[in-house]
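Reader: I am new to this structure. Please show it to me, and then I will ask how its terms are justified.

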Amino acid sequence: MSQLLLSVIICTYNRGKDILSRCLDSLTMQQLPESYFEVIVVDNNSTDATKEIVSAYLNKFGNWRYVFEGSQGLSYARNRGCKEARGSYLVYIDDDTIVPPEYLTKVRDVIVTYEPDIFGGPIYPYYVTRKPKWFKDSYQIRKYEEYSCFSKTCRVTGCNFIIRKELLENLGMFDVDLGMKGDRIGLGEEAKVLDDYRRKTPPSEQRVYYSLECKVLHLVPDYKMKLSYVLLRQYHVGKMSMKLSPRNVLREVIELPLRIVLYTIKGVRSKDYVETLRNISFQLGIISGAFNLNKNKRRQFH
């Protein structure tokens, strides 16, 4: 293991001073000595004052760097961060995330104790404006295990995603066809890395760890508390989580009306109509993902 243990990578696009500064400020308050980590801010073709914002931190901290990546897309930015990194482990956090002062210390402790290949922890929401009455914290909480452990099934979310640098390079990096591209919603780039790892690594050799102690806070801005966004994201989650074989697509289509009726009845009884719409959006995403899989597999034979 190299002397520099961690490369903290923040990929950013037009976040503005308040959001980005909250993230960067939280990294300045880490309890872990600076000799253990570096901070790399990857500016993904921003048109605002991102470079000037980051420069203020570069003047204060010798272990911080600014990198510009002109190819639009979060996966391009994450891959650039990997190429620039000097640490053995890459710590990916989003530019609208706040990390507690003990976060990097907890990350180091997990590495020293368990030597995982990939790991992460829970994501909890934080707000700077009042949320609508119908909006639940659970819509934004990402927690995949009830206790810290090695897991063959847990997910690891992109705004709290830690991976060995050498492993990411061997897996082929993040898929540039997936993930956010500017303001356009996109998901699944870190999920594909995790799924590729599990597919290529024998179960007995897999080292994916989930740590409840390595938690972060993720901003929920106003636009994410609009019903249209909530439903669109749920659709994309369903699309990316699709696990069906193409032969089951027809069954899903046939069963969809029944599921819609059942979700509607449940929503009426509980008066939770938003949850009903979220469930329906998720199912529509699954079907869309199944059709895409079917179409892609057909192309492989032509």
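Reader: What makes the approach of Y197 to the side chain of T201 a polar contact?
Author: A polar contact is a pair of N or O atoms within 3.5 Å, where one must be able to donate a hydrogen and the other to accept it, and residues adjacent in sequence count only if both atoms are side-chain atoms. The backbone oxygen of Y197 lies 2.8 Å from a polar atom of the T201 side chain, so the distance meets the cut-off. This is a predicted model, in which local features need pLDDT of at least 70, side-chain atom pairs count only at pLDDT 80 or more, and totals for chains, interfaces and linings use all residues. Residues are numbered from 1 along each chain as its sequence is written, and side-chain values use heavy atoms, without hydrogens and water.

Reader: Why is T201 called buried or exposed?
Author: Buried means under 20% relative accessible area, exposed over 50%, and partly exposed in between, with a 1.4 Å probe and protein chains only. T201 has 16% relative accessibility, so T201 counts as buried. T201 sits in the loop between α6 (189-200) and β10 (208-210); helices (H or I, at least four residues) and strands (E, at least two) are DSSP runs, numbered from the N terminus.

Reader: How do you know that β5 and β11 pair?
Author: Two strands pair if DSSP finds at least two bridges between them. Strand β5 (residues 97-98) and strand β11 (residues 216-219) have 2 bridges and are antiparallel, so the condition is met. I98 has L217 in β11 as its bridge partner.

Reader: What joins β7 to β11?
Author: Strand β7 (residues 123-126) runs parallel to β11, with 4 bridges. P125 is partnered by H218 in β11.
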